[in-house]
Amino acid sequence: MTDDGAAAFHRIKIRVAALVFDGQDVALIRRTNDRGATHYSLPGGNVEPAEPLPDALRRELREELGLTPGDIVGEPRFTWLLDAMVTRPGSPPPRKLHLVYQVRLGHGARRRLKAFEDDDAVGRGEVVWLPYEQTGDLALFPPVPVAALGADGYLEGGPALLDAVNDTNYRWI
C-alpha cells in the first residue's frame with residue numbers, strides 16, 4: 001500500500017456483523033451493482049459513538065432483518081475479527097474493524113424476518129438463506145471463511161483474528 005493509500009485509512013470504524021443461522025442455512029444480503037456483479041454481505045453495520053457492542057449488534061440485526069432478542073437461542077457468539085483497508089468506489093473509506101458473531105435462530109423465527117434490507121447508501125438488498133458450506137465461492141464482504149466452519153457451523157480451533165484484507169488481497173466489486 002502506498003503512503004497515499006495509508007492516508008486514506010486514517011479513520012477507523014468498528015462494524016458488527018452476524019452469521020445468522022437457521023439450522024445449516026446462513027442469512028446473507030445479496031445486491032447486484034450497476035455493472036451486473038453480484039455480491040453478498042453479512043447483516044450488520046457500523047457501531048455508533050459510545051454504543052456498546054452488544055447493543056450495536058442487536059440494533060443492526062433488528063434494522064436489517066427484523067430480528068428481535070426473542071428470535072434467537074442463547075447469546076451471540078464472537079467468532080472473528082477482521083481488519084479491512086479496502087478501497088471502494090466513491091469517497092475514501094475508513095479502515096474498518098469487523099467483529100463477526102454467530103447467532104442461532106429459534107424454531108420458526110426465520111419466517112417472521114424481512115425478505116429485503118434497505119440501505120440508504122447502497123440501496124435495496126435481498127435477504128437470502130444459503131447452506132453455509134456453499135458460501136466459499138461467493139463475493140462476500142466482509143470476506144470471512146464461512147464455508148470453512150466446522151460441524152454445525154461452529155468454529156473448531158481456528159483463529160479468531162483473521163488475516164487483514166487490503167487492496168493487494170481483496171478486490172471490491
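**Salt bridges, strand pairing and overall form**

Glu 63 is partly exposed, with a relative accessible area of 42%. This value, like every other one reported here, comes from a predicted model. The salt-bridge partner of Glu 63 is Arg 59, and the closest N and O atoms of the pair are 3.4 Å apart. Both residues belong to helix 2, and because they are four residues apart there, about one helical turn separates Arg 59 from Glu 63. Arg 59 has a relative accessibility of 14% and therefore counts as buried, the cut-off for that class being under 20%. The pair is also part of a wider arrangement: through salt bridges with shared partners, Glu 51, Arg 59, Glu 60 and Glu 63 are joined into one network.

Helix 2, which covers residues 53-65, also holds Arg 58 and Asp 55, three residues apart and thus about one turn of the helix from each other. Their side chains form a salt bridge with an N to O distance of 2.4 Å. Arg 58 is partly exposed at a relative accessible area of 41%, and Asp 55 is likewise partly exposed, at 33% relative accessibility.

A further salt bridge brings together the side chains of Arg 31 and Glu 117, at 2.2 Å from N to O. This pair connects distant parts of the chain, since Arg 31 sits in strand 2 (residues 25-32) and Glu 117 in strand 7 (residues 116-119), 86 residues apart. How accessible are the two partners? Arg 31 has a relative accessibility of 8% and so counts as buried. Glu 117 is buried too, with a relative accessible area of 4%. In total, 12 salt bridges are counted in the model.

Attention now turns to strand 6, which spans residues 95-105. Is this strand mostly covered or mostly open? Nine of its 11 residues are buried, so the strand is mostly covered. Strand 6 has pairing partners of both senses. With strand 1 (residues 12-22), strand 6 pairs in the parallel sense over 10 bridges; within this pairing, Ile 14 stands opposite Leu 97 of strand 6. With strand 5 (residues 72-85), strand 6 pairs in the antiparallel sense over nine bridges. One of the residue pairs is formed by Val 73 and its bridge partner in strand 6, Arg 104.

These elements fit into a chain with two helices and 10 strands. Read from the N terminus, their order is α-β-β-β-β-α-β-β-β-β-β-β. The radius of gyration is 16 Å, close to the 16 Å that the globule rule gives for 173 residues, so the chain is as compact as a globular protein of that length. The C-alpha trace spans about 50 × 35 × 35 Å along its principal axes.

What share of the chain is buried? Of the 173 residues, 43% fall in the buried class. As for contacts, among those with a sequence separation of 6 or more, 71% involve residues 24 or more positions apart. The salt bridge between Arg 31 and Glu 117, in strands 2 and 7, is one link between distant parts of the chain. Finally, the chain exposes about 9400 Å², of which carbon and sulfur atoms supply 52%.

Methods:
Residues numbered from 1 in each chain as written. Predicted model: local features only at pLDDT ≥ 70, side-chain atom pairs only at ≥ 80, totals over all residues. Heavy atoms only, no water. Buried < 20%, exposed > 50% of the residue type's maximum accessible area, 1.4 Å probe, protein only. Pairing = 2+ DSSP bridges. Salt bridge = Lys/Arg side-chain N within 4 Å of Asp/Glu carboxyl O. Rg over C-alpha atoms; globule rule 2.2 N^0.38 Å. Contact = heavy atoms within 4.5 Å. Areas by Shrake-Rupley, 256 points an atom, 1.4 Å probe, with all protein chains shown as cover.
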